[in-house]
Each structure stands twice: as C-alpha cells, then as structure tokens.
Amino acid sequence: MPTIRLAYRDHDRTPVIYCIKAMAERHYGVHVIGLQIEERHAFENALFNDQCDVIIEHTEYLYPEAAKGRTIALFCAPQIHRGLKLVVPQTFAALDELRGRAMAVRDLGRPHAITLWLRKMGLEKEVRTVIVRDQEIGRWQQWRKVASHECAACFVAPIYLPPALDAGLKTFPVEEAEIVSNFAQACLSQFAPRNPALMKDYMKAVIHALALLSYRRDEAMEIIAKEPMRLMKITDRAELRRQVDSIAEMLHVKPYPTAEAIVNSNEIAAHEYGARIENPVTLWDLHWVKELDDEGFIDELVASLSVR
C-alpha cells in the first residue's frame, strides 16, 4: 500500500491525524504513518532529511528555508483562525479597556499573531505585549497573569480554558486575525510530481477526515477515543469530546487559505524567523484541492455525510 509519513510535534493534533489515517486506509488505499517529532529543530529538519513526507503543523520555519532556495509546497489550510479565546476579568466590558494596559502573550505558537490581532482591532500602538513563557508558568497558563491583575487579558486555546474559568475569569468574544493555522500541510516540491496519484488520494483522505469531523463527529469520536485519547493523556470521554468539538468547529472542509491568512503568516515568519518571502503565494500549490473541488468530490462527500 502506498505510504505517507506524516510528521507532527504535538499530540493535540492526533484527533485530526488519526481521522486522516483512518479515512486514507479505509477508502483510498493509502497507509499513513503518524510520526511525532517533538523537538523543534529535529522537526524542522525532518522534511529535508527524508524523515517524513508531509508535515501538518508549525509551517512558519519553511519561509526562511524557501528564502534560502529550498523548494517546498504548502498544499492545504484547514484552519485559518487559531480559535483562541480572549480571557479577561469578569468586569471587562469593552476592548477599549485594553488601552494603556498589557497583554500576556505565550512565547510559543506564533506570538506575533497577537500583534496582528491588536493591529486589526486598532490597538497595536495602545497595548503593550508581555511574553510569558510556558516554562515559567505552565502550558497555556498565561491567564494567571490576568488573574493576578498584572495583565489585562490574554488568549488561551479552548482545550486549556477550564482552569482559567475556574479561577473566576471569563471569555470575551472577538474577531481573530486570519493566519495559516493548525493542520496546514506541506511537502517538498519534488515529492509531489514523483507521487501525483498518491498525493491526490491523500488529499481525498484529508478532506474526508475534515468532513467526518464536521458532519459525523460521533463516528470520528470512535476513532479518536482509541490511540489519540491515550496519546493526549485524557481519561474522561466527556473531556475528550469537549476538546474534539473545540478543534472541529474551526475546520474548513474546503481547505483553501485566504489572502489575509497568507499575508499574515508571511509577516509572522518574517518577525519570528527573519525571512519574508516577496510573494508568499509562490509557496502554495493548491491544485489538488482545486481539482477535487472542481470535480465535485468535496460537495458530494459533504452531501453524503450530511444524510443521516
């Protein structure tokens, strides 16, 4: 069976990865091997050292590699918002209350995206950002700086939200800046033309997994409640469902990036990796998604999964 070696860093990605794996093997004759490579530098070298065929997260490092002349292809973007929740004190009533205050910003996972959000809200010059490292305070625990009144707000991933709410904080609804976010995938440009049928079948599996999570979540849960649940170290099925819901609600079955997401991600790469691509569209190869879309594959799949 043709094989795709799919690399990722964080086990939080496994609900989507294992749905891709299941759909690929059940329906499209593709074996998907999920490879966790947690250490950052090892992950960033994996594509170039032939340790994997495709990566499914943390794509910003590819921009400086492209600037050096390496040829890569970003080929789908199922999520163009990070899906983070703005965490604030109970008395918070308007974004204007952030003016002249500080926001706690996580050191990992595209911290410059918060600056982009502030810019979109017209607050970039009005709010000071304070980097708070996970190693110092705990994974996604930046809300502690809000609870202590050291900062006015912070963003928290939904799956890590309950402790912040338990501490008496609340979420405040805001529009996010679009970026190429979780589950975006990339391969080397030379891999794709050598494996055209494999790439198309794999893309079918990716889209099928996105549709399954969107329209048949109970069926997706049967996949996720096995190995992903163990890898995520979750023991409660209700908590697993809560986390899967927070992931699935951000996914787009037609995984096209937006112009805003492409431009913003280029700025993030420039800020965090020191390399801006003159025309970041050149890093994208969306012809597999477009082909399947034009052929009616996606609409037909959604229609079939929408019927109960």
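**Exercise 1. Burial and surface**

Find what share of the 308 residues in the protein is buried, and describe the surface that the protein exposes.

Solution. Buried residues account for 56% of the 308 residues in this protein. The structure is a predicted model. A residue counts as buried when its relative accessible area is under 20%. As for the surface, the protein exposes about 13600 Å². Carbon and sulfur atoms supply 49% of that area.

**Exercise 2. Overall fold**

State how many helices and strands the protein has, and explain why it can be called as compact as a globular protein of its length.

Solution. Begin with the elements: there are 15 helices and 10 strands. Next, take the radius of gyration, which is 20 Å. The globule rule gives 19 Å for 308 residues, and the two values are close, so the protein is as compact as a globular protein of that length. Along the principal axes, the C-alpha trace spans about 55 × 45 × 35 Å. Finally, consider contacts with a separation of 6 or more: 79% of them join residues 24 or more positions apart.

**Exercise 3. Charges**

Count the positive and negative side chains, and say how far apart the centres of the two sets lie.

Solution. There are 38 positive side chains and 43 negative ones. The centres of these two sets are 2 Å apart.

**Exercise 4. The surroundings of D201**

Locate D201, classify its exposure and name the residues it touches.

Solution. D201 sits in helix α9, which covers residues 196-215. Its relative accessible area is 25%. This value lies between the cut-offs of 20% and 50%, so D201 is partly exposed. Leaving out residues up to four places away in sequence, D201 touches Y28 and V30. H27 is 174 residues from D201 along the chain, and their C-alpha atoms are separated by 9.2 Å.

Conventions: Residues numbered from 1 in each chain as written. Predicted model: local features only at pLDDT ≥ 70, side-chain atom pairs only at ≥ 80, totals over all residues. Heavy atoms only, no water. Helix = DSSP H or I, 4+ residues; strand = E, 2+ residues; numbered from the N terminus. Rg over C-alpha atoms; globule rule 2.2 N^0.38 Å. Buried < 20%, exposed > 50% of the residue type's maximum accessible area, 1.4 Å probe, protein only. Contact = heavy atoms within 4.5 Å. Areas by Shrake-Rupley, 256 points an atom, 1.4 Å probe, with all protein chains shown as cover. Lys, Arg positive; Asp, Glu negative; His and termini not counted. Charge placed at Lys NZ, Arg CZ, Asp CG, Glu CD.
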